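Subject: Handing over a structure, with notes

Dear colleague,

I am passing on the structure we spoke about, and below it you will find my notes on what turned up when I went through it. Please read them with the structure open beside you.

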Amino acid sequence: MTDDTTCSIRGRVRTASRPLALVALVLLAGTVPALATGQSTPTISIEAGSVAADETTTVPVVLTSAPDGLAGYQLELAVDDTAVARFGNASYPDRFGLTTDPVVSSDGGTVTLEAVDLDGQIEPGASDVVLATVSLTGVDGGETQVTVASNQVDADGGGAVEPATEPAALAVSPSATTETVAAATEASSPGGESTAESAGTANATEDDAAGGGDQSTTGANGPLPIALAIAALAAVAALAARTSR
């Protein structure tokens, strides 16, 4: 094979390799967006539900995904209406090697949480990571929102994570004591008192009617017939005296 032939073959290979490289780049460009869309956006969700007034329920706070792992976090949760529910205490999973005591505001409206994954327990790609469990106590019947007021989340290596947040609705049903008091209040309302007074008036009227009937009977059958009998006896005695004369 001559040198000219060798150069010709190399030129053809180089020429053919260019379209192949372009095709590979196009395929790679189409694959990267697909991989990106396949990964869900990290979200902090609060799985609230329902509770009765004067009772307490525990609510998990979850990070839906940690593509780059989790180094630590700081969160502040808030209850929109403290007249319906309030925060109690909170606890952390054992996987967090360093935590701070939960800080609950004086009115129970907010709770601040902070924890660090010292031992790398939460690895890249982890999902449904429970960050903490908080307790909520029902105050009065109604519904309120539990929200993430602020957050700072760090991935392994110190990179910042900006998770989305999802508020949760907490429904509080009235307690049995509250319902009993409401029923008693309704029974003692002005409408109830007027009904009782009407019933009392009706009973008094019936008693008066019965008493009046007895008096009229006594007047007709009592003193009047006795007087007539005495008058008749006197007349008979007078007639007897005249006859004897």
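Where is the place of aspartate 54? Aspartate 54 lies in the loop between strand E2 (50–52) and strand E3 (56–66), and I begin there since its backbone deserves a look. Please keep in mind throughout that this is a predicted model. The phi of aspartate 54 is near 70°, a positive value in a residue other than glycine, and with 60% relative accessibility the residue counts as exposed. A second case is aspartate 128, with a phi near 50°, again positive in a residue other than glycine; aspartate 128, however, is found in strand E9 (residues 126–138), and it is exposed, with a relative accessible area of 55%. As background, most residues other than glycine have a negative phi.

Stepping back to the whole chain, the protein has four helices and 13 strands, and of its 245 residues, 22% count as buried. The protein exposes about 15500 Å², of which carbon and sulfur atoms supply 56%. Among contacts with a separation of 6 or more, residues 24 or more positions apart account for 73%.

Next, the strands. An open sheet of five strands has the order E5-E9-E3-E1-E12, with mixed pairing, and its edge strands are E5 and strand E12 (164–166), each of which pairs on one side only. Neighbouring strands of this sheet are turned by 25° against each other on average, direction ignored. E5 and E9 run antiparallel and are joined by five bridges, and within E9 it is leucine 136 that stands opposite phenylalanine 87.

The nonpolar interior comes next. The largest nonpolar core has 34 residues, and those with the most contacts inside it are Leu70, Tyr73, Leu77, Phe87, Leu113, Leu131 and Val134. Strand E1 (43–46), E3, E4, E5, strand E8 (110–116), E9, strand E10 (142–154) and strand E13 (168–173) each supply at least two residues of this core, with E9 giving the most, namely five residues. In general terms, nonpolar side chains in soluble globular proteins tend to be buried together.

Tyrosine 73 appears in that list and also takes part in an aromatic feature. The structure holds one aromatic pair, formed by tyrosine 73 and phenylalanine 96, which meet edge-to-face at 5.6 Å centre to centre with 75° between the planes. This pair links distant parts of the chain, since tyrosine 73 sits in strand E4 (residues 72–79) and phenylalanine 96 in the loop between strand E5 (85–91) and strand E6 (98–99), 23 residues apart. Are the two partners buried or exposed? Tyrosine 73 counts as buried because its relative accessibility is 4%, and phenylalanine 96 is buried as well, because its relative accessible area is 6%, both values lying under the 20% limit for buried residues. Leaving aside neighbours within four places in sequence, tyrosine 73 is in contact with Tyr92, Phe96, Leu113, Glu114, Ala115, Leu131, Ala132, Gln152 and Val153.

Three further residues may help you find your way around the model.

Serine 65, in strand E3, counts as buried at 8% relative accessibility. Apart from neighbours within four places in sequence, serine 65 is in contact with Ser40, Thr41, Pro42, Ala126, Ser127 and Asp128, so that its contacts include the aspartate with positive phi described above.Leucine 98 is found in strand E6 and counts as partly exposed, at 47% relative accessibility. Its C-alpha lies 9.1 Å from that of glycine 72, although leucine 98 and glycine 72 are 26 residues apart in sequence. Not counting residues up to four places away in sequence, leucine 98 touches Ala115, Val116 and Leu118.

Glycine 159 has its place in the loop between E10 and strand E11 (160–161) and is partly exposed, with a relative accessible area of 33%. Glycine 159 and glycine 69 are 90 residues apart in sequence, while in space they are 9.9 Å apart, C-alpha to C-alpha. Beyond its neighbours within four places in sequence, glycine 159 is in contact with Val153 and Asp154.

With best wishes

Notes:
Residues are numbered from 1 along each chain as its sequence is written. This is a predicted model: local features need pLDDT of at least 70, side-chain atom pairs count only at pLDDT 80 or more; totals for chains, interfaces and linings use all residues. Side-chain values use heavy atoms; hydrogens and water are left out. Buried means under 20% relative accessible area, exposed over 50%, partly exposed in between (1.4 Å probe, protein chains only). Contact means heavy atoms within 4.5 Å. Accessible areas come from the Shrake-Rupley method with a 1.4 Å probe; for residues, only the protein chains shown count as cover. Rings of Phe, Tyr and Trp (its six-membered ring) pair if their centres lie within 6.5 Å; planes under 30 degrees apart count as stacked, over 60 as edge-to-face and the rest as tilted. A nonpolar core is a set of buried Ala, Val, Leu, Ile, Met, Phe, Trp, Tyr and Cys residues joined through side-chain atoms within 4.5 Å. Two strands pair if DSSP finds at least two bridges between them. Axes are lines fitted to C-alpha atoms, for helices over the stretch in contact, and angles run from 0 to 180 degrees between N-to-C directions.
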